[in-house]
Number of protein chains: 2
Amino acid sequence: MDEQCNVCANICESGDQFEDTQESIHFRKVINTYRSYRPHSLRRLARTSEYLSSLPESHRQKLLKYQSHLEDVRNCIEQNATLMKEIIVDVSRMFENIEYPNCEKGDNCRNAVRPTTVDTEKTYSVLKQIVREWSADGINERKICFQPILNEINERFADRVKSEVSILVPGAGLGRLAYDIAVQGYTCQGNEYSLLMLFTSNFILNKCKGTDLFTIYPWIHQYHNNLFAVDQIKAVKFPDADPSAIPAGTNFSMAAGSFIEVYTNKNKWDCVATCFFIDTSHNVLAYVETIWNCLKPGGIWINFGPLLYHFADMPNENSIEPSYDILREAILSFGFEMAKEQTDVRCHYTQNFRAMLSYEYRSVFFVCIKPS
Amino acid sequence: MDEQCNVCANICESGDQFEDTQESIHFRKVINTYRSYRPHSLRRLARTSEYLSSLPESHRQKLLKYQSHLEDVRNCIEQNATLMKEIIVDVSRMFENIEYPNCEKGDNCRNAVRPTTVDTEKTYSVLKQIVREWSADGINERKICFQPILNEINERFADRVKSEVSILVPGAGLGRLAYDIAVQGYTCQGNEYSLLMLFTSNFILNKCKGTDLFTIYPWIHQYHNNLFAVDQIKAVKFPDADPSAIPAGTNFSMAAGSFIEVYTNKNKWDCVATCFFIDTSHNVLAYVETIWNCLKPGGIWINFGPLLYHFADMPNENSIEPSYDILREAILSFGFEMAKEQTDVRCHYTQNFRAMLSYEYRSVFFVCIKPS
């Protein structure tokens, strides 16, 4: 682990993703996923250029600006690829409690599994996630999704010493919500399963000292629904908040691993804050049960998000998808008391606001109390 | 062809989809796609039920309502399957100029290609398309997308005898826009490439005499983002307009085949109306050129839709995806004059309005004139 880290990261041993050899293979596969970004993205672009050059001369003459636009897209891909490289430098030492072979510095990583197309395209989501969590362009999304959670925490724990209030953020993504909580002085742990996210949050939280240090081109992979060509190549700077601004002595950490398997200690947390998280489960009741168990009596669960049910239509994946009314009943049957509830909270998630298509979620926001 | 048909349907010989043996294989494959709806949908449901029954008893007890909801979903699938059967009865005789083997009535269709999962799931889109085009629930979508086109036609051809105004609707889908034009007395032809759509539009336009004759459950395949369980099993009746209400003597037809290959006759149409169509091309300029050529001098092209570019991210498919500003320049360079133009027209496409996720398009509406 880098000695100047702001946020300690740990591999949690009970997470099955991180066990033994398999863990090591997975680690290297994710590194290779970042490395595959450049060739994969350039191949996609080349296919378009080739088809364009096969069109009738009369059509090509009408598309000269499009041809030059594709050159701009290529330059943006190259700049994103440079960032990807920076993200994976030193990840072999990002966890305090384990060290991996450093593929970037000559260790043998040849036997790593090759990422698939689907894997590689997850790096496109990472770029958009950076916009949502760590750029000025993401302010509106964060205001609607994170602010009600932050308000709730500040109201409910107003009479407590902040450093003595322990808050867990499962599905922490790139760590911004956890950071926003920790920077106020609360004891906060983000938990994330995806190494793709963890590599990037490690880069942001531990390597960025200052604001607007890096530039990405998050929308270049969206070839469709562009009103203007310049929309596709728009630059976005990050981070908009200084990750190293966390007050000295704050207890802020990131834990890698599966939420259900890591948080088996009972009555441990004052608050669990879930944002766009509960629908990432195979069995949402297993999440609810884990939250119920790990909360202290009197502890609160704050939730914001839709019910997209991540595994709903994936082949070979188990999934149940109860509607909100049914899920709500199940939550109450654990013993939770519903202290606040709001449906139809309209919000976006990694939305390109200039695009000719937007996805709007009608989220649920609720606060549940585990009785004392 | 059914002798009581309202709308004559023809296979256009120049469409490569419909040539010789390949045409016949494709025809039977699409019939099999409809037939695969029931087993495919029930398998998906059974997977959920099996996983549910493998969960801990304590979780299952909390999900009894969910279990009974899945039974409701099963009943809805059965009822949709009955409709699918009705759609494919007699399709072997739906085209005036060709007859296919009738698989439903004992002809040998064994050698037909089996539909893939992706094919089968296109039947889910057909259900949603019925809602958009032929149900009262689709009124708002049609008001925003179709009404500006209809208004434009009525304004621009106000001083002409309607039956002498010839209007072409490429990408006609289930034929509602073409019907809305024809029912006013204009000479109208809908053109559609997809047999899946053509089978269903044939069923609606030629077999339905009256309104609200059939019931479908269009949202049962959307297992996620349901606020209430009843939202998933909502019934929708169709058609909301009587397809047989077209005035006697109206020249209204549907033509099957590829737009670019069918409409090679020059200076033939007074108006081409495209709605959510131009982005279904590999090369959008080939569409623009075909529209330019087939319009009479002084003819008008009315367009509504986004630039989703159907083939943009499909493996093994060619595609160019110029942004609107670049496409606009290309359109003008053919010689078109832009008579009206509006961007950022917010609209939906087969949207389930009760869902916790909605897709909003920011469409372009424009009217172009081919100078006299």
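**Notes on the A/B dimer model**

1. Starting with the contact across the interface: 34 residue pairs of chain A and chain B are in polar contact, both partners at pLDDT 80 or more. Keep in mind while reading that this is a predicted model. On the chain A side, the elements that each supply at least two residues touching chain B are α2 (37–54), α3 (57–61), α4 (64–88), α12 (284–294), α13 (324–333) and β10 (357–369). The largest share of that side comes from β10(A), with seven residues.

2. What sort of residues are we looking at there? The side of chain A that touches chain B splits into 30 nonpolar, 16 polar and eleven charged residues. Chain A puts 57 residues into the contact and chain B puts in 58.

3. For the area people: an interface's size is often quoted as the accessible area lost when the parts come together. Here chain A and chain B bury about 5200 Å² between them, and 57% of it sits on carbon and sulfur atoms. In chain A, the residues losing the most area to chain B are A:Tyr51, A:Met356 and A:Arg362, which together make up 13% of what that side buries.

4. Now the symmetry. A turn of 180 degrees, with a shift of 0.0 Å along the axis, lays chain A on chain B with an RMSD of 0.0 Å. The two copies are therefore related as by a two-fold rotation axis. The same surface serves both copies, too: 100% of the contact residues of chain A recur in chain B. If you want to find the axis in your viewer, go to A:Tyr359, whose C-alpha, at 2.4 Å, comes closest to the axis among the residues of chain A.

5. The β10 strands deserve a look of their own. β10(A) is joined to strand β10 (residues 357–369) of chain B by five bridges, and the two strands run antiparallel. One pairing to check is A:Leu357, whose bridge partner in β10(B) is B:Tyr361. A:Tyr359, the residue of chain A that comes closest to the rotation axis, also has a number that falls inside the 357–369 range of β10 in chain A.

6. Salt bridges next. How many cross the interface of chain A and chain B? The rule finds six, and the count over all chains comes to 40. An example with one partner in each chain is B:Glu329 with A:Lys65, their side chains meeting at 2.6 Å, N to O.

7. There is also a salt bridge within chain A that involves β10: the side chains of A:Arg346 and A:Glu360 meet at 3.4 Å, N to O. This pair links distant parts of the chain, with A:Arg346 in strand β9 (residues 337–347) and A:Glu360 in strand β10, 14 residues apart.

8. Finally, some backbone geometry to inspect. Most residues other than glycine have a negative phi, and most peptide bonds are trans. In chain A, the peptide bond from A:Phe238 to A:Pro239 is cis, with omega near -10 degrees, and A:Pro239 lies in the loop between β5 (236–238) and β6 (252–256). Chain B has a cis bond joining B:Phe238 and B:Pro239, with omega about -10 degrees; B:Pro239 is in the loop between β5 (236–238) and β6 (252–256) of chain B. B:Asp212 has a positive phi, near 50 degrees, in a residue other than glycine. Look for B:Asp212 in the loop between α9 (195–207) and β4 (214–216) of chain B.

Notes:
Residues are numbered from 1 along each chain as its sequence is written. Chains are lettered from A and ligands numbered from 1 in the order in which they are written. This is a predicted model: local features need pLDDT of at least 70, side-chain atom pairs count only at pLDDT 80 or more; totals for chains, interfaces and linings use all residues. Side-chain values use heavy atoms; hydrogens and water are left out. Copies are superposed by least squares on the C-alpha atoms of residues with pLDDT of at least 70 in both. Contact means heavy atoms within 4.5 Å. Buried area is the accessible area (1.4 Å probe) that two parts lose on being put together, summed over both. A salt bridge is a side-chain nitrogen of Lys or Arg within 4 Å of a carboxyl oxygen of Asp or Glu. A polar contact is a pair of N or O atoms within 3.5 Å; within protein, one must be able to donate a hydrogen and the other to accept it, and residues adjacent in sequence count only if both atoms are side-chain atoms. Helices (H or I, at least four residues) and strands (E, at least two) are DSSP runs, numbered from the N terminus. Ala, Val, Leu, Ile, Met, Phe, Trp, Tyr, Cys and Pro count as nonpolar, Asp, Glu, Lys and Arg as charged, and the others, Gly among them, as polar. Two strands pair if DSSP finds at least two bridges between them.
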